[in-house]
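Biologist: Before we look, could you take me through this model slowly, setting each label against the rule behind it?
Modeller: Gladly; here it is, and then you may ask about whatever catches your eye.

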Amino acid sequence: MLSLKLPQLLQVHQVPRVFWEDGIMSGYRRPTSSALDCVLSSFQMTNETVNIWTHFLPTCFLELESPGLSKVLRTAAFAYPFLFDNLPLFYRLGLCWGRGHSCGQEALSTSHGYHLFCALLTGFLFASHLPERLAPGRFDYIGHSHQLFHICAVLGTHFQLEAVLADMGSRRAWLATQEPALGLAGTVATLVLAVAGNLLIIAAFTASLLRAPSTCPLLQGGPLEGGTQAKQQ
């Protein structure tokens with residue numbers, strides 16, 4: 001294990017254009033990295049290391065075959081839970097509209113406000129690519145928008161859970177009269193369904209990743225070809 005060498009990192013002109021990130025000039029991993037290289041790079045300072053450890057999802061399988069669809073799915077992965085989790089809150093606020101200050105305060109806790117702020121800031125960072133667009137190369141390893149985006153997403157999730165717990169505490173008596181308790185069997189069944197769904201997703205994208213090196217046209221010719229084209233442009 002001590003004889004293993006860390007993977008070589010590349011400059012932006014050495015990888016295909018589809019892997020370029022706005023304002024990130026160095027620290028790129030080789031697109032055709034082996035599984036071992038991917039694991040080792042998790043312990044190496046690249047432009048993705050902070051993302052890996054703050055999000056704990058080190059590989060985006062679909063990026064190899066359909067970068068556009070991958071970005072849409074990644075955006076939807078944050079947008080859908082946000083809308084789904086907050087529709088009841090928006091509905092309650094709608095009912096409180098025009099009924100006075102106290103009604104709105106009861107429906108919207110401080111944690112709700114923090115969660116909404118983190119969600120908006122997350123979306124802004126994801127779309128703006130700031131601050132690396134203002135100083136290309138300065139934030140390749142620490143401080144670029146993808147890292148800040150992950151941190152804001154984690155903070156937003158924390159405040160969201162705090163808001164849910166506050167709602168459950170303030171509305172426990174009303175909720176108890178509306179629906180019976182879920183119980184152990186229902187809890188276990190829900191957990192099993194969630195785990196099974198995640199395993200199916202992992203299996204599907206793992207199979208896609210294993211097929212990618214021989215079928216993906218983006219990787220044909222290797223990273224140096226992308227660098228040559230970039231220099232010519």
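Modeller: Let me start with helix 5 of this predicted model, in which Ser111, His112, His115, Cys118, Thr122, Leu125 and Ser128 are buried.

Biologist: What makes a residue buried rather than exposed?

Modeller: Buried means a relative accessible area under 20%, while exposed means over 50%, and values in between are called partly exposed. It also helps to know that an α-helix has 3.6 residues a turn, so residues three or four places apart point the same way.

Biologist: How many residues does helix 5 have, and what span does it reach?

Modeller: Helix 5 runs over residues 110–128, which makes 19 residues, and it reaches 27 Å from its first C-alpha to its last, close to the 27 Å expected at 1.5 Å a residue.

Biologist: Where does helix 5 stand among the elements of the chain in mean pLDDT?

Modeller: Helix 5 has the highest mean pLDDT of the elements, 86, whereas helix 9, residues 222–232, has the lowest, 44. Over residues 220–233 the pLDDT is below 50, although this stretch has 21 contacts in the model beyond near neighbours in sequence. Where pLDDT is low, the predicted coordinates should not be read in detail. For the protein chain the mean is 75, and 74% of the residues reach 70 or more.

Biologist: Which residue follows helix 5, and what is the sign of its phi?

Modeller: Histidine 129 comes next, and its phi is positive, near 55°, although this residue is not a glycine. Histidine 129 is placed in the loop between helix 5 and helix 6.

Biologist: Why is histidine 129 called buried?

Modeller: Its relative accessibility is 14%, and the limit for buried is under 20%, so histidine 129 counts as buried. Proline 131 is found in that loop between helix 5 and helix 6 (145–170) as well, and the peptide bond leading to proline 131 from leucine 130 is cis, with omega near 10°.

Biologist: How many aromatic pairs does the count come to, and why is the pair of tyrosine 114 and phenylalanine 159 called tilted?

Modeller: The count comes to two aromatic pairs. The rings of tyrosine 114 and phenylalanine 159 have centres 5.1 Å apart and planes at 50°; planes under 30 degrees apart would be stacked and over 60 edge-to-face, so this pair is tilted. Tyrosine 114 lies in helix 5 and phenylalanine 159 in helix 6, so the pair ties together parts that are 45 residues apart in sequence.

Biologist: And what makes the pair of phenylalanine 126 and phenylalanine 149 tilted?

Modeller: Here the rings are 5.2 Å centre to centre with 40° between the planes, and since the angle is neither under 30 degrees nor over 60, this pair is tilted.

Biologist: How do you know whether phenylalanine 126 is buried or partly exposed, and what about phenylalanine 149?

Modeller: Phenylalanine 126 has a relative accessible area of 22%, so it is partly exposed, whereas phenylalanine 149, at 6%, counts as buried.

Biologist: Which residues make up the largest nonpolar core?

Modeller: Leu10, Val12, Val15, Phe19, Ile24 and Tyr28 do, six residues in all. Leaving out residues up to four places away in sequence, tyrosine 28 touches a list of residues including Leu10, Val12, Val15 and Phe19.

Biologist: How many helices and strands does the whole chain have?

Modeller: The protein chain comes to nine helices and zero strands, and of its 233 residues 27% count as buried.

Definitions and conventions
Residues are numbered from 1 along each chain as its sequence is written. This is a predicted model: local features need pLDDT of at least 70, side-chain atom pairs count only at pLDDT 80 or more; totals for chains, interfaces and linings use all residues. Side-chain values use heavy atoms; hydrogens and water are left out. Helices (H or I, at least four residues) and strands (E, at least two) are DSSP runs, numbered from the N terminus. The expected span of a helix is 1.5 Å times one less than its number of residues. Buried means under 20% relative accessible area, exposed over 50%, partly exposed in between (1.4 Å probe, protein chains only). pLDDT is the predictor's confidence in each residue, from 0 to 100. Contact means heavy atoms within 4.5 Å. A nonpolar core is a set of buried Ala, Val, Leu, Ile, Met, Phe, Trp, Tyr and Cys residues joined through side-chain atoms within 4.5 Å. Rings of Phe, Tyr and Trp (its six-membered ring) pair if their centres lie within 6.5 Å; planes under 30 degrees apart count as stacked, over 60 as edge-to-face and the rest as tilted.
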